[in-house]
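I opened this structure as a newcomer and kept a notebook. The entries follow the order in which I looked things up.

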Amino acid sequence: MKRYIKSFVSLCLVLLLALAALPMQANADTDPFFVVGYTTQSYIEKGDSVTVTVTLMRTDGGTGDIVVVRNVDDFKGGTESVPVKCENGKYIVPISQLQYRGEGDTLSFTVNYGEKYQNISVKIAECVPYVEPEKEPEPAPEAGPAPKLIIGARSLSKPIAANETAVITVEVSNVGTTGVKSAIITFAPSDSLMLLGEQSTFYLGDIRPNRSASINLTVTATKKISSQNQSIEADITYDYDNNISIVSGTASGRISVPAETGGDSGDVANPVPLIILSGYSYGGASVAAGSDVTLDFTFLNTSKTTAIENVMLKVSSGADLTLSGSTNTFYFDRVGAGSAKNVTVPFKAAQRISTNTQEVNLSFSYEYVDHEQRSSNTSELSISIPMYQPDRFEISEPKIPYTGFVGEEISLTLDYVNKGKSEVSNVEAEISGDVDAYNPYLRVGNLESGKSGTIAFAVTPMLEGDNQVTVKVTYEDSNGELKERVFETTVTAMAYEPMDPGEWDEPIEPEEPKGSFPWWIVIIAVLAAAVVTLVIWRKKKKKARLAAEQAMWDDWDEEENAEKQAASAASDAAQPVGASGTDAEGTNE
């Protein structure tokens with residue numbers, strides 16, 4: 001029995017060793033060809049007919065010709081090449097007349113060498129998958145034209161004189177093709193005219209195309225008329241239907257009113273004093289974002305005869321400029337005729353500007369006395385301050401990881417980071433020189449604030465020794481200006497020395513595949529051990545039972561023999577002395 005058990009265990013171990021050797025045997029024959037690169041056009045779109053040239057290398061030391069056969073993949077067609085020869089340890093495989101299907105990016109073919117073959121797939125990064133164009137939305141209905149209103153007046157028979165009252169008939173004509181609804185007109189006379197009545201706004205109602213509406217306006221001239229050219233400003237608001245909805249519209253016009261300025265020269269009003277800027281500065285040609293700005297300006301009273309009083313100045317600016325430690329309101333008690341005042345206003349520019357030009361608005365309100373009559377006036381002025389965002393887009397010098405060989409593809413990289421507060425737009429890089437670049441033009445795109453990354457070129461040096469290379473990076477800064485950075489570097493390459501095929505004669509032990517441990521073998525071994533253990537245990541149990549039964553029978557035989565011996569001894573003791581023939585004979589002797 002023990003011999004059978006040992007044979008069974010040995011058979012299980014042999015089976016386990018054979019099963020464990022199966023994966024190693026499957027991986028013993030490795031594919032000798034691998035792809036080292038390919039060339040094609042820059043972009044491949046659906047339907048494009050292209051040629052892809054694939055470069056292969058062989059690891060088994062063979063140099064025989066190969067034959068390439070096309071497989072079904074993401075390209076249609078493709079001419080099957082004639083036998084390809086080995087050149088300097090490489091196989092250059094051109095596959096022409098390929099037509100991109102518009103989906104995926106895989107080119108597949110089979111390499112036949114001797115009596116063996118190998119399937120090869122290449123990812124073509126230049127493929128641009130086809131995207132179905134979106135349907136254009138139906139055009140919205142076109143809006144109709146707005147009404148066209150003309151504001152006029154019937155001429156007065158003679159110029160209006162001082163303290164004189166006149167009636168002016170104002171006419172509003174609709175010369176467009178769209179009707180006007182609920183028109184309202186508001187009048188504002190010049191300084192020497194006044195409206196008689198309690199209102200300056202009147203309701204005109206609806207005005208159909210090529211129709212007019214009129215209103216009589218009563219005006220009177222002041223005691224002193226400052227100019228012969230007086231006027232009345234008219235503003236109209238209305239609604240109209242533009243074929244889509246009811247919208248609002250406006251129109252404005254000026255009605256000229258001739259006036260007489262006769263009388264004593266002392267009664268003629270002096271010209272209204274005006275305020276202008278005679279000069280300003282903000283510390284340079286432009287202001288950088290985040291910097292301090294000091295605005296100095298001088299305003300001038302243009303009148304040669306009239307001073308201005310109670311001058312209030314209010315300074316305001318947009319979001320990119322804020323006041324820094326200063327109020328926005330300034331007061332001047334009096335500015336004499338022809339005199340000027342200087343004002344200094346400190347600002348702080350925002351860290352991130354929204355526009356390249358910032359407006360600073362100056363609002364003046366003041367009073368003046370002319371012929372013992374006090375009047376008021378206002379003036380609005382503005383100053384444009386050009387601003388720019390400092391360029392903090394940094395690009396490192398080109399880096400090459402190692403010295404390569406002539407004809408071997410290596411990488412050339414430039415690191416970049418946008419340290420500025422605004423976006424850098426249209427970043428592009430281009431490489432030229434004594435190298436063959438897989439893609440000599442790269443478009444990086446737009447880089448927001450804080451964005452960093454790497455520009456990487458795949459280049460192949462063509463000369464032994466130093467290959468001169470020029471990298472040009474262009475981009476638009478936050479001010480919209482085109483910037484250019486040019487880097488000069490060298491790529492050092494050694495002469496290519498093909499490897500001796502004899503070096504490949506020594507077999508290479510395949511590495512055990514990671515992550516593919518044969519757990520099923522372990523499970524079979526555990527089950528086999530359990531079966532063996534169960535058999536041995538049952539054998540031992542049966543043997544122990546038989547031994548116990550045999551011991552019981554032995555004890556029973558010993559008891560039976562003891563009983564027989566005791567009975568025999570008792571029988572012998574019951575016979576009389578001398579009855580035995582043997583004893584008699586002994587006595588006779």
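These notes go from the whole chain to single residues.

**Entry 1: overview**

I noted at the start that this is a predicted model. I then looked up the secondary structure. The protein has three helices and 33 strands. Next I asked how much of the protein is buried. Of its 589 residues, 30% count as buried. I also looked up the exposed surface, which comes to about 36600 Å². Carbon and sulfur atoms supply 51% of that surface.

I then checked the contacts with a separation of 6 or more. Residues 24 or more positions apart account for 69% of them.

**Entry 2: the cores**

I asked which residues have the most contacts inside the largest nonpolar core. They are V170, I185, F187, I232 and I236. The core has 31 residues. The elements giving it two or more residues include β8 (149-153), β9 (165-174) and β10 (180-189). β11 (193-195), β12 (201-207) and β13 (211-221) are also among them. So are β14 (229-241) and β15 (246-258).

Apart from this core lies another, of 30 residues. I wrote down L295, V311, F347 and I383 as being among its members.

I went back to I185 and looked up its contacts, leaving aside neighbours within four places in sequence. I185 is in contact with V170 and V172. It also meets S200, T201, F202 and L204. A234, D235 and I236 are on the list too.

**Entry 3: V315**

I picked V315, which lies in strand β19 (residues 308-317). Is it buried or exposed? Its relative accessibility is 4%, under the 20% limit, so V315 counts as buried. Beyond residues up to four places away in sequence, V315 touches N328, F330, V345 and F347. It also touches V360, N361 and L362. I took one distance as well: the C-alpha atoms of V315 and T327 are separated by 8.6 Å. Those two residues are twelve apart along the chain.

**Entry 4: aromatic rings**

How many aromatic pairs does the structure hold? I found eleven. I started with F393 and Y416, whose ring centres are 6.2 Å apart. Their planes stand at 50°, so the pair is tilted. F393 lies in strand β25 (residues 393-395) and Y416 in strand β27 (residues 410-418). The pair therefore ties together parts that are 23 residues apart in sequence.

I checked the cover of both residues. F393 is buried at 2% relative accessibility. Y416 is buried at 10%.

F393 also pairs with Y475, and this pair is edge-to-face. The centres are 4.9 Å apart, with 70° between the planes. Y475 sits in strand β32 (residues 465-476), 82 residues from F393, so I marked this as a link between distant parts of the chain. Y475 is buried, as F393 is.

I noted one aromatic cluster as well, formed by F33, Y91 and Y113. I also looked for a charge over a ring. The charged end of K46 sits over the ring of Y130, 4.6 Å from its centre.

**Entry 5: cysteines**

I searched the whole structure for disulfides and found zero. Then I looked at two cysteines one by one. C86 is partly exposed, with a relative accessible area of 22%. C127 is buried, at 10%.

**Entry 6: loops**

Where does N163 lie? It is in the loop between β8 and β9. Its phi is near 65°, a positive value in a residue other than glycine. N163 counts as exposed, at 54% relative accessibility.

N210 is in the loop between β12 and β13. Its phi is positive too, at about 60°, although N210 is not a glycine. At 64% relative accessibility, N210 counts as exposed.

My last stop was G64, in the loop between β2 (49-58) and β3 (67-70). G64 is partly exposed, with a relative accessible area of 35%. Residues up to four places away in sequence aside, G64 touches R58 and Y91. I had already written down Y91 as part of the aromatic cluster with F33 and Y113. The C-alpha atoms of G64 and P83 are separated by 9.6 Å. G64 and P83 are 19 residues apart along the chain.

Note on methods
Residues are numbered from 1 along each chain as its sequence is written. This is a predicted model: local features need pLDDT of at least 70, side-chain atom pairs count only at pLDDT 80 or more; totals for chains, interfaces and linings use all residues. Side-chain values use heavy atoms; hydrogens and water are left out. A nonpolar core is a set of buried Ala, Val, Leu, Ile, Met, Phe, Trp, Tyr and Cys residues joined through side-chain atoms within 4.5 Å. Buried means under 20% relative accessible area, exposed over 50%, partly exposed in between (1.4 Å probe, protein chains only). Helices (H or I, at least four residues) and strands (E, at least two) are DSSP runs, numbered from the N terminus. Contact means heavy atoms within 4.5 Å. Accessible areas come from the Shrake-Rupley method with a 1.4 Å probe; for residues, only the protein chains shown count as cover. A disulfide is a pair of cysteine sulfur atoms within 2.5 Å. Rings of Phe, Tyr and Trp (its six-membered ring) pair if their centres lie within 6.5 Å; planes under 30 degrees apart count as stacked, over 60 as edge-to-face and the rest as tilted. A charge sits over a ring if NZ of Lys or CZ of Arg is within 6 Å of the ring centre and within 35 degrees of the ring normal.
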